[in-house]
Amino acid sequence: ADMVKDEVNNGNLVIATGDFNDFASSVCDINCNQPISSVESIVRTAGGLINVAQGISNVNERYASWYNCNNNCIVANNCLSMIDHVLVSDGLYNLMQSGTGSVTIDHGFENGCDTYYSDHWPYVIEFDLTASKMFNITNSKRTRN
């Protein structure tokens with residue numbers, strides 16, 4: 001948390017991401033699961049970060065992991081959750097919300113006990129870097145000297 005705070009205070013754009021093994025206090029997942037720890041909150045508040053899942057307006061799409069909660073290997077809605085988090089500084093969140101930026105969770109593969117895939121679905125985040133004055137982006141060709 002101190003590193004996140006220091007990087008934000010130094011003016012850097014920050015992305016803190018991973019399997020936090022707990023739910024978020026800042027945004028509801030598909031089942032509005034409540035956290036049992038303060039992990040997400042500690043990291044998020046240390047740098048004034050924003051959980052990108054806030055950008056997913058359809059709550060029914062807010063799940064990034066499955067666990068066999070019914071012990072029957074059936075992927076049921078009550079077994080879906082969001083323990084994977086992507087926290088970004090507000091400058092990046094604004095670039096995700098502007099222009100061509102977006103956030104989704106790719107549910108494009110089946111999950112369950114008999115699959116070879118992970119029990120997690122990946123976040124897909126696009127930042128519209130052309131909307132920022134922080135980056136020197138042009139459409140002109142670069143030449144070598």
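## Fold, disulfides and aromatic rings of a predicted protein model

The protein contains 3 helices and 7 strands. The structure described here is a predicted model. Along the sequence, these elements follow the order α-β-α-β-β-β-β-α-β-β.

Of the 145 residues in the protein, 36% are buried. The exposed surface amounts to about 8900 Å², and carbon and sulfur atoms supply 47% of that area. Among contacts with a separation of 6 or more, 65% are between residues 24 or more positions apart.

### Disulfides

A disulfide is a covalent bond between the sulfur atoms of two cysteines. A search of the whole structure finds 3 disulfides, and they are listed below.

| Disulfide | Sulfur to sulfur |
|---|---|
| Cys28 and Cys32 | 2.0 Å |
| Cys69 and Cys79 | 1.9 Å |
| Cys73 and Cys113 | 2.1 Å |

When the bonded cysteines are numbered in sequence order, the pairing reads 1-2, 3-5, 4-6.

In the first row of the table, Cys28 is partly exposed, with a relative accessible area of 29%. Its partner Cys32 is also partly exposed, at 34%.

What do the other two bonds tie together? Cys69 and Cys79 both lie in the loop between β3 and β4 (80-81), so this disulfide ties together parts that are 10 residues apart in sequence. The torsion about its S-S bond is about -70 degrees, and the disulfide is therefore left-handed. Cys69 is partly exposed, with a relative accessible area of 26%, whereas Cys79 is buried, with a value of 1%.

Cys73 lies in the loop between β3 and β4, while Cys113 lies in the loop between β6 and β7, so their bond ties together parts that are 40 residues apart in sequence. This link is left-handed as well, with -85 degrees about the S-S bond. Cys73 counts as partly exposed at 36% relative accessibility, and Cys113 is partly exposed with a relative accessible area of 36%.

### Aromatic rings

A pair of aromatic rings is described by the distance of the centres and the angle of the planes. The search of the whole structure finds 2 aromatic pairs. One of them is formed by Tyr63 and Trp121; the centres are 5.2 Å apart and the planes make an angle of 85 degrees, an edge-to-face arrangement. This pair links distant parts of the chain: Tyr63 is in the loop between β2 (50-51) and β3 (65-66), and Trp121 is in the loop between β6 (102-105) and β7 (123-126), 58 residues apart.

Are these two residues, Tyr63 and Trp121, buried or exposed? Both Tyr63 and Trp121 are buried. Ring pairs also bring in Phe109, which forms a cluster with Tyr63 and Trp121.

Key. Residues numbered from 1 in each chain as written. Predicted model: local features only at pLDDT ≥ 70, side-chain atom pairs only at ≥ 80, totals over all residues. Heavy atoms only, no water. Helix = DSSP H or I, 4+ residues; strand = E, 2+ residues; numbered from the N terminus. Buried < 20%, exposed > 50% of the residue type's maximum accessible area, 1.4 Å probe, protein only. Contact = heavy atoms within 4.5 Å. Areas by Shrake-Rupley, 256 points an atom, 1.4 Å probe, with all protein chains shown as cover. Phe/Tyr/Trp six-rings, centres within 6.5 Å; stacked < 30°, edge-to-face > 60°. Disulfide = S-S within 2.5 Å.
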